[in-house]
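Trainee: I am new to this structure and would like to learn how to read it. Could we go through it feature by feature?

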Amino acid sequence: MGRTVRIGMIGAGLIGKAHLRNYANMEDVQIVSICDINEQEALKVAHEFHIPHVYTDFREMLKRDDIEAVDVCLHNNLHAPVTIAAFEAGKDVYCEKPIAGTYRDGLTMLEAAEDYGKKLHIQLGTLYRKETKAAKALIDGGMLGKLYHARATGHRRRGRPYIDGYGTPAFLNKQIAAGGALIDMGVYHIAQMLYLLGTPKVDRISGKGYREMDVDAGRAGQAVFDVEELGLGFIKFEGGATLDIIEAWSIHLGSIEGCSVVGDKGGIKLPAYSDQQIMAPFSFHTTICDMDINGSVNLDEMDGRWNHLKPNYDAYQSSQHHWVAALQGRVELLPTAHIASQTMLISEGIYLSDRLGREVSSDEIIEQSLSKAIQL
């Protein structure tokens, strides 16, 4: 579809491997090098994905003049220092979500991207789902009218990292991960709703986090578990719109209603997912000639038709497809870094509200947000 983009990978763990599997199915991408402090794992991954150069020091890899961009797949509080170092080395950056461990660190990344004139793209996979494209088309077409409320939800029955059987203890440690369900899962749904709402400016936030369910005794003794398994929030935006949030790593409910957006002319319910299975389909709701209409959409047919009709539609197939197309100059990069920073502001606002026991303003959140970046 365009020129070959040459990329260096930073991180050979679970997420790094997932990114590499996606790149393997894309044209015009060459993974030149990979870096991880675990040299044996980096060598293993390099062999599996035919990557010619392996490093244990990302700064040494950044000296290469044959890579134009890096893909950062590290724990949250490592995102800012590594990303900024990459900008300083003249590289564009694709970074795994969340943007960073705090709003302050995310803002620093945004400012650095602007200062160095480089692209910063954050992995927000829900923006490229078929239901998001359908919802955006209906909103842009005026079918919902004035938007005034949205709901961001995510559900796992028992899906806490490490505690419930997968992932590493780092996901549970606030010093490394910055947060739990809101940071790990909620970022996808909050960002998706912000994108559909047009990313309005946050005014005030109230919220609460819980960690109440039983924990396997063996795993509990091997991990620091000080983040939330259930996060709840209510956000008021400037202009009057609102957003409510419920994000569960683990909860005694079989399902939770999916994300939704409503306006004065119509509403959209996005598919409800539980442990990655679809529990309810996409639907559109409106009133025509004094009749309440509930409509469905064949998202697969829509996506297939648009793939043939819309120019550069392949650039919105996934977050990585979009990243590569933007590097090639075929499309303008979506403002994922800004959306991700506002998502972090909301998550941090929920934590602050919980800690103070009251509603907090965006100014308070910004003033109290501190850097948690790990010094390298």
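Trainee: Which residues are linked in a network of salt bridges?

Mentor: Keep in mind that this is a predicted model. A salt bridge here needs a side-chain nitrogen of Lys or Arg within 4 Å of a carboxyl oxygen of Asp or Glu. The network links Arg 151, Asp 244, Glu 257 and Lys 269. Within this network, Arg 151 pairs with Glu 257, and their closest N and O atoms are 3.5 Å apart. Arg 151 belongs to strand E7 (residues 147–155), while Glu 257 sits in the loop between strand E10 (242–248) and strand E11 (260–263), so the bridge ties together parts that are 106 residues apart in sequence.

Trainee: Are Arg 151 and Glu 257 buried, partly exposed or exposed?

Mentor: Use the relative accessible area: under 20% is buried, over 50% is exposed, and the range in between is partly exposed. Arg 151 has 29% and therefore counts as partly exposed. Glu 257, with 38%, is also partly exposed.

Trainee: How many salt bridges are there by this rule?

Mentor: The count is 22 salt bridges. One of them joins Lys 63 and Glu 60 at 2.9 Å, N to O. Lys 63 is exposed because its relative accessible area is 61%, and Glu 60 is partly exposed at 37%. Another joins Arg 156 and Asp 184, with the closest N and O atoms 3.8 Å apart. That pair links distant parts of the chain, 28 residues apart: Arg 156 is in the loop between E7 and helix H7 (174–177), and Asp 184 is in helix H8. Arg 156 is buried, at 18% relative accessible area, and Asp 184 is buried as well, at 12%.

Trainee: Which residues have the most contacts inside the largest nonpolar core?

Mentor: The general idea comes before the case. In soluble globular proteins, nonpolar side chains tend to be buried together. Here the largest nonpolar core has 78 residues, and those with the most contacts inside it are Val 70, Leu 120, Met 193, Leu 243, Ile 245, Ile 268 and Ile 346. Helix H8 (residues 181–197) gives the largest share of this core, 10 residues. At least three residues come from each of domain 1 (5–125) and domain 2 (127–322 + 341–356). There is also a second, separate core of 25 residues, which includes Met 26, Ala 46, Ala 325 and Val 331.

Trainee: What is Ile 346 in contact with, leaving aside its neighbours within four places in sequence?

Mentor: Ile 346 is in contact with Ile 190, Leu 194, Val 202, Ile 205, Ile 235, Leu 243 and Ile 245.

Trainee: How many residues of domain 1 are in contact with domain 2?

Mentor: For domain 1 the number is 22, and they are in contact with 24 residues of domain 2. The C-alpha centres of the two domains lie 25 Å apart.

Trainee: Which residues make a nonpolar patch on the surface?

Mentor: Ile 288, Met 291 and Ile 293 make a nonpolar surface patch of about 260 Å². Of these, Ile 293 is found in strand E16 (residues 291–296) and counts as partly exposed at 33% relative accessibility.

Trainee: Where should I look for backbone geometry that stands out?

Mentor: Start from the usual case. Most residues other than glycine have a negative phi, and most peptide bonds are trans. In this model, a cis peptide bond joins Lys 97 and Pro 98, with omega about -15°. Pro 98 is placed in the loop between strand E5 (92–95) and helix H5 (103–116).

Trainee: Which residues other than glycine have a positive phi?

Mentor: Asp 28 is one of them, with phi near 65°. Asp 28 is in the loop between helix H1 (14–24) and strand E2 (29–35), and is buried at 19% relative accessible area. Thr 199 is another, with a phi of about 50°. Thr 199 is in the loop between H8 and strand E8 (202–210), and is buried at 18%.

Trainee: Is Ile 122 buried or exposed?

Mentor: Ile 122 is buried, with a relative accessible area of 0%. Ile 122 lies in strand E6 (residues 120–122). Not counting residues up to four places away in sequence, Ile 122 touches several others, including Tyr 94, Lys 97, Ser 319 and Ala 340.

Conventions: Residues numbered from 1 in each chain as written. Predicted model: local features only at pLDDT ≥ 70, side-chain atom pairs only at ≥ 80, totals over all residues. Heavy atoms only, no water. Patch = residues over 30% accessible without salt bridge, like charges linked within 9 Å, V, L, I, M, F, W, Y side chains within 5 Å. Areas by Shrake-Rupley, 256 points an atom, 1.4 Å probe, with all protein chains shown as cover. Helix = DSSP H or I, 4+ residues; strand = E, 2+ residues; numbered from the N terminus. Buried < 20%, exposed > 50% of the residue type's maximum accessible area, 1.4 Å probe, protein only. Core = buried A, V, L, I, M, F, W, Y, C linked by side-chain atoms within 4.5 Å. Domains from an automatic or database assignment. Contact = heavy atoms within 4.5 Å.
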